[in-house]
Amino acid sequence: MSATLSTTPPRWDLTTIFPSLTSPELLAALDSLKSRIAALDIPPGATYDFVTTALNQALDEARTVRTYLSLLIAEDATNEAAQAVMSELRGDSVALSLFGTRYTAWLGTLDIEELLKTSEVARAHEFGLRRAQTLARHLLPPDEETLAAQLSLGGSVAWTKLHQDLTSQLEVTVEGESLPMPAVRQRATDPSEAVRKAAYEAELSAWKQVALPLAGAMNSIKYETGLLLGKRGWKSPVEAACFSNYIDEATLTAMLSAAEKSFPDFRRYLKAKARLLGTEKLPWWNLFAPVGETSQSWAWPDAEAFIAENFDGYSKKLGDFAREAFTNRWIDGQLRPGKRDGAFCACPRSGESRILQNYSPSFDAVSTLAHELGHGYHNRCLSERTPLQSGTPMTLAETASIFCQTIINDAALKAAQSPVERLSLLEGALNDACQVVVDITSRFIFEKAVLEQRKTRELSVSELNQLILDAQKQTYGDGLDENYLHPYMWAVKGHYYGSTFYNFPYMFGLLFSLGLYAVYQQEPDGFHARYDELLASTGMADAKTLAQTFGIDITQEAFWTASLDVIRKDISEFERLCDGR
């Protein structure tokens with residue numbers, strides 16, 4: 001158990017990063033960062049060791065300052081002072097990004113084989129060096145890269161910020177009560193169908209009111225993305241996304257093929273849930289409806305104790321990390337107006353994390369908390385790496401989070417006191433898996449279509465609605481009531497407004513982590529050290545290479561099918577429990 005258990009969800013402590021937005025420490029850090037970025041250069045005769053060390057130092061300082069400001073804004077989007085400082089910092093961020101591009105182009109001119117023979121720093125960064133040679137072939141001329149980066153401040157960066165600001169401050173009227181959007185979306189798990197339906201209808205109405213500017217943001221971001229990727233010589237956004245995620249297209253194809261073949265099984269789950277709720281098909285407002293019952297309380301102290309105890313069951317190192325996060329108030333679990341929706345983990349400095357969550361007293365929230373603590377543990381494992389060694393792709397960034405989530409889900413299932421409690425826990429796990437396999441595929445299909453169609457013209461709100469509905473029908477099929485889907489999911493998900501294809505890596509993370517967990521269960525001796533080494537190396541090797549150290553071949557559909565078979569077993573048990581009630 002943690003040293004001190006909060007009685008209510010805590011608010012994180014950011015003062016250990018900087019005392020305040022106006023503190024001398026932050027002002028000094030901003031000045032230092034500005035000076036360090038301005039000093040970055042690659043003069044004639046510059047050595048690889050000197051330039052790389054300087055860039056690592058700048059990236060390290062930038063991470064701390066930028067993360068601190070983003071955390072202030074995430075906890076309160078109305079913090080105009082933080083927004084203003086962040087806006088000023090964006091100019092320096094562009095300068096740092098431009099130097100990174102120049103650095104990559106420079107690396108592309110070096111004799112890497114010769115460099116690796118003479119430089120210890122180069123050998124420590126070999127993977128990045130070899131990737132840089134590929135990236136260098138996909139760069140625009142220097143003046144064009146500079147112009148693209150500068151224009152992004154008034155383009156994709158500004159549109160992304162608009163989505164964040166607009167959605168975090170969106171108020172929704174539900175049955176006469178004004179609520180922030182995160183609170184409305186939380187009602188999707190309310191025990192009352194009337195409450196869930198009212199929230200769903202109010203949510204769609206609210207998204208409709210802001211759909212026009214969000215469609216403008218979507219169109220602008222996707223046009224800029226597609227245009228620049230084409231100019232840089234990528235054959236498609238998918239090819240570029242695979243490279244960014246340290247996988248090849250064959251791996252993505254194998255995974256998506258296995259996923260598609262699992263859709264009928266997920267529809268079995270959805271239909272069983274519908275039967276349990278007394279309907280033939282699920283309307284969207286029942287997608288996240290709770291089923292079964294649990295006698296376990298999930299107030300915040302219970303969540304802390306349960307996570308720490310079961311993390312200990314895997315390893316004392318993991319349990320101690322969770323207690324450190326709880327004791328040092330690295331977590332913001334309170335639900336407040338102006339606070340960002342969803343959950344995330346950020347790393348303001350080496351080995352240290354901050355977690356944002358809108359906690360509710362449910363096992364689903366406990367599972368989410370374990371997920372984000374997994375990200376934090378991954379950050380801890382990367383603490384000895386330089387910024388250029390720790391640039392983990394999204395595919396591998398989900399490994400530790402889902403592994404930790406699996407530990408907690410398994411522990412809860414083993415502790416279940418009755419079939420109805422087991423049903424409730426299976427529902428939570430399967431609901432998550434359905435989102436990560438089925439819904440994520442719908443998001444991939446949607447984004448791929450938008451990028452393709454945006455090449456020629458803007459897409460209207462109604463066209464975006466239709467594209468997302470078509471994608472939902474392709475994936476959920478007859479598992480959901482096609483008359484009650486979610487036509488504004490493209491507006492809900494901030495992922496569409498940031499990195500390209502911020503979707504399929506989640507599926508990779510789930511299925512890859514399930515495969516690793518199976519290895520752990522079969523061969524626990526020596527697993528922990530190998531696993532920590534994998535987490536410490538996610539910026540230093542591609543996914544295929546790291547997987548091979550555990551005997552896993554991610555290029556083969558059979559691996560992904562085997563991971564999905566674990567979920568299929570849970571679906572079959574869920575069906576039996578539903579039909580036996």
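In the predicted model, Asp92 is located in helix α3, which covers residues 80-107. With a relative accessible area of 14%, Asp92 falls under the 20% limit and is therefore classed as buried. Apart from neighbours within four places in sequence, Asp92 is in contact with Lys34 and Ile37.

A second acidic residue, Asp410, belongs to helix α17, residues 399-415. Its relative accessibility of 21% lies between the limits of 20% and 50%, so Asp410 counts as partly exposed. Once neighbours within four places in sequence are set aside, the contacts of Asp410 are with Tyr517 and Gln521. Asp410 and Ala429 are 19 residues apart along the chain, and a distance of 9.5 Å separates their C-alpha atoms.

Arg568 is found in helix α24, which comprises residues 557-579. The relative accessible area of Arg568 is 18%, which is under 20%, and the residue is therefore buried. A polar contact of 2.8 Å links the side chain of Arg568 to the side chain of Asp565. Beyond the neighbours within four places in sequence, Arg568 is in contact with Ala258, Lys261, Ser262, Asp265, Arg268 and Thr561.

The second largest pocket has a volume of about 300 Å³. Its lining is made up of 14 residues, and those nearest the centre of the pocket are Phe243, Tyr246, Ile247, Asp248 and Asp542. Three helices, α6 (126-136), α11 (237-244) and α12 (249-276), each contribute at least two residues to this lining. Of the elements involved, α11 gives the most, with three residues. Classified by residue type, the lining of the second largest pocket contains seven nonpolar, six charged and one polar residue.

Turning to the strands, β1 (residues 171-174) and β2 (residues 177-180) run antiparallel and are joined by four bridges. The two strands form a hairpin with two residues between them. Within the turn, Glu175 has a positive phi of about 50°. Across the hairpin, Val172 stands opposite Leu179, while Val174 stands opposite Glu177. The side chains in a regular strand alternate between the two faces of the sheet. In β1, Val172 and Val174 make up the covered face, whereas Glu171 and Thr173 make up the uncovered one. Val172 and Val174, the residues of the covered face of β1, are thus placed opposite Leu179 and Glu177 of β2, respectively.

A further group of three strands forms an open sheet in the order β3-β5-β4, with mixed pairing. The edge positions are taken by β3 (331-332) and β4 (343-349), each of which pairs on one side only. The pairing of β3 with β5 (residues 352-357) is parallel and extends over two bridges. In this pairing, Ile331 has Ile355 of β5 as its bridge partner.

Terms used
Residues numbered from 1 in each chain as written. Predicted model: local features only at pLDDT ≥ 70, side-chain atom pairs only at ≥ 80, totals over all residues. Heavy atoms only, no water. 1 Å grid on protein atoms, 1.4 Å probe; cavity = no way out; pocket = protein on both sides within 12 Å on 5 of 7 lines; lining within 4 Å. Points joined across faces, edges and corners; volume = space filled by probe spheres on them. Nonpolar A, V, L, I, M, F, W, Y, C, P; charged D, E, K, R; others polar. Pairing = 2+ DSSP bridges. Buried < 20%, exposed > 50% of the residue type's maximum accessible area, 1.4 Å probe, protein only. Polar contact = N/O pair within 3.5 Å; in protein donor to acceptor, adjacent residues only side chain to side chain. Contact = heavy atoms within 4.5 Å.
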